[in-house]
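Hi,

Here is the structure I promised to pass on. Have a look at it first, and my notes follow below.

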Amino acid sequence: MSEAQDKPRMPIESGVPDPMPLMHPLMRKNYGKWAWHDRPRPGVLHHVAKSGDEIWTIKAGTQRQLDLHTIRGLCDIADQFADGHVRFTTRSNIEFMVIDQSRVDPLIEKLEGSGYPVGGTGNSVSMISHTQGWLHCDIPGTDASGVVKSLMDELYDEFKSEEMPNRVKITTSCCQINCGGQGDIAINIQHTKPPVINHDLVANVCERPAVVARCPVAAIRPALVNGKPSLEVDEKKCICCGACYPPCPPMQINDPEHSKLAIWVGGKHSSTRTKPTFHKLVVSGLPNNAPRWPEVAEVVKTILNAYKEDARYWERMSEWIDRIGWPRFFEMTNLPFTKHHIEDWRGGRNALNMSSHVHF
Ligand code: SF4
Ligand code: SF4
């Protein structure tokens, strides 16, 4: 046996990388030793360490999907104003770190002049987070990532100011699996018809047991169609979730007319003050009108205006709705309340012990 074969085969660690080597040297030096911080203006964070060291972080919005030339341009700005120190947030905001206060204003001027709004801190509407969409995923029903820029165009002033009662986190999601998580306002695709099966392709393309197993309500069965092995869907059971499309593309569920958008409100991941919450459906059936989604933008702005006007300082969307109640929420936003807002699927109580629907 060779020496190499004698050695145990160790697993390759592929978790979160060590942040230290890439961290700004001043932040590394003062790691865990910060005294206080404040926000001198929207888009700027100022941290002071116990040692007296100071650092300013300037946050700017981007167009979300970044091409190479844009990234190079942003890196040039970082080289010029921030000694090359830059990082991206999970919502694709870009942050420049500077240790010389006199560089803050020229950097802001450069960013704004180059088309990158400075903001997104404190009680602002932060950049919309999105699921991967057509960039990486194989099942999206809409371009969740592409429309983020269009929607943020509508909310530009709210990004640059801190005038909301609390932070507002908006998410977009391109299928009902919603890998994006919870948001104060969430915009999710909603298929409204069962998949249409191309029986000529199923036998060659799909692993049928995998597709049958994928359906959460056991609506798919193997079937022989025109003498060929295929699948059939019990349309009475189907909840139009779209989960069967990835393992079996001939089960097409995306449809220009029947794939709609739904708006959900009141989700949050944080456990600050109140427990994390699931967002709840408030509007359904909006057209999937990419790239600007004007009908969605209208509803989002209506909800934001009501929240801004009525919520108490530091109330997140879910906390505001908990206080005023759902009937008042629908009154204030003038959104129609329909029978589809009420949960009538009992399976959730047994299987999931939770629900994302409005309860009365
Ligand atoms: S939301 Fe659905 S379609 Fe969009 S990236 Fe996530 S899993 Fe894929
Ligand atoms: S769309 Fe969802 S519920 Fe309907 S058949 Fe496919 S996996 Fe099942």
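Two strands count as paired if DSSP finds at least two bridges between them, strands being DSSP runs (E, at least two residues) numbered from the N terminus. On that basis, S4 (residues 86–88) pairs with S5 in the antiparallel sense over 3 bridges, and S3 (residues 54–60) pairs with S5, also antiparallel, over 5 bridges.

Before going on, the fine print: this is a predicted model, where local features need pLDDT of at least 70, side-chain atom pairs count only at pLDDT 80 or more, and totals for chains, interfaces and linings use all residues. Residues are numbered from 1 along each chain as written, chains are lettered from A and ligands numbered from 1 in written order, and side-chain values use heavy atoms, without hydrogens or water.

Back to S5 (residues 94–98): 5 of its 5 residues are buried (under 20% relative accessible area, 1.4 Å probe, protein chains only), so the strand is largely enclosed by the rest of the structure. Ile94, Phe96 and Val98 point one way, Glu95 and Met97 the other. Phe96 stands opposite Ile58 and also opposite Val86. S4 and S5 form a hairpin with 5 residues between them, and Ser92 in the turn has a positive phi of about 60 degrees.

As for ligand 1, the residues around it (a heavy atom within 4 Å) include Cys137, Cys174, Cys175 and Cys179. By class, that shell has 6 nonpolar (Ala, Val, Leu, Ile, Met, Phe, Trp, Tyr, Cys, Pro), 4 polar and no charged (Asp, Glu, Lys, Arg) residues, with the others, Gly among them, counted as polar.

Cheers

Note on methods. Buried < 20%, exposed > 50% of the residue type's maximum accessible area, 1.4 Å probe, protein only. Helix = DSSP H or I, 4+ residues; strand = E, 2+ residues; numbered from the N terminus.
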